[in-house]
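User: Please take a close look at a single part of this model. I should like a connected account that places the part within the chain as a whole.

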Amino acid sequence: MISRKIWAFNIASLLLTLGASAVLFPYASLPEETLRAAEQPLPMEAFPDADLGPDYGQVPVIELMGYYLENPPVKESGSAPKQQHFGGC
């Protein structure tokens, strides 16, 4: 049979864990306006320019996407990349 000390330890551990979770939850959750903003996608034009370091500086996201579509990543095995079509094109 399980002793009272083991039961007391398990119950105290559970209560301590639930209490700490209840107290710390507001600090770990996101604000309502952040959640609402995350639900709506932004067009590419609305994104700020990406900083690519001292060699390239600030580059618009539209240019980055255009470059990626024109020059898809190549597999390292040496075979030609598989042609991908975007948006039903």
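Analyst: A residue is termed buried under 20% relative accessible area, exposed over 50% and partly exposed in between, judged with a 1.4 Å probe and protein chains only. Ala 46 is partly exposed because its relative accessible area is 45%. The model is predicted: local features require pLDDT (the predictor's confidence in each residue, from 0 to 100) of at least 70 and side-chain atom pairs 80 or more, while totals for chains, interfaces and linings use all residues. Residues are numbered from 1 along each chain, and side-chain values use heavy atoms, without hydrogens or water.

Three helices and two strands make up the chain, in the order α-α-β-β-α from the N terminus; these are DSSP runs, with at least four residues for helices (H or I) and at least two for strands (E). Mean pLDDT is 85, with 82% of residues at 70 or more. Among the elements, helix H1 (residues 4–28) has the highest confidence, at 95, and helix H3 (residues 61–70) the lowest, at a mean of 89.

H1 is the part to examine closely. Its end C-alpha atoms lie 35 Å apart, which agrees with the 36 Å that its 25 residues should span at 1.5 Å a residue, the expected value being 1.5 Å times one less than the number of residues. H1 nevertheless has a kink of about 30° at Ala 22, shortly before Pro 26; the bend is the angle between axes fitted to the seven residues ending there and the seven starting there.

Cover over H1 is slight, as none of its 25 residues is buried. For the chain as a whole, 2% of 89 residues count as buried. The chain exposes about 8,600 Å², of which carbon and sulfur atoms supply 64%.

Returning to Ala 46, this residue occupies the loop between helix H2 (32–39) and strand S1 (50–51). Ala 46 and Ile 62 are separated by 16 residues in sequence and by 9.9 Å in space, C-alpha to C-alpha.

Notes:
Areas by Shrake-Rupley, 256 points an atom, 1.4 Å probe, with all protein chains shown as cover.
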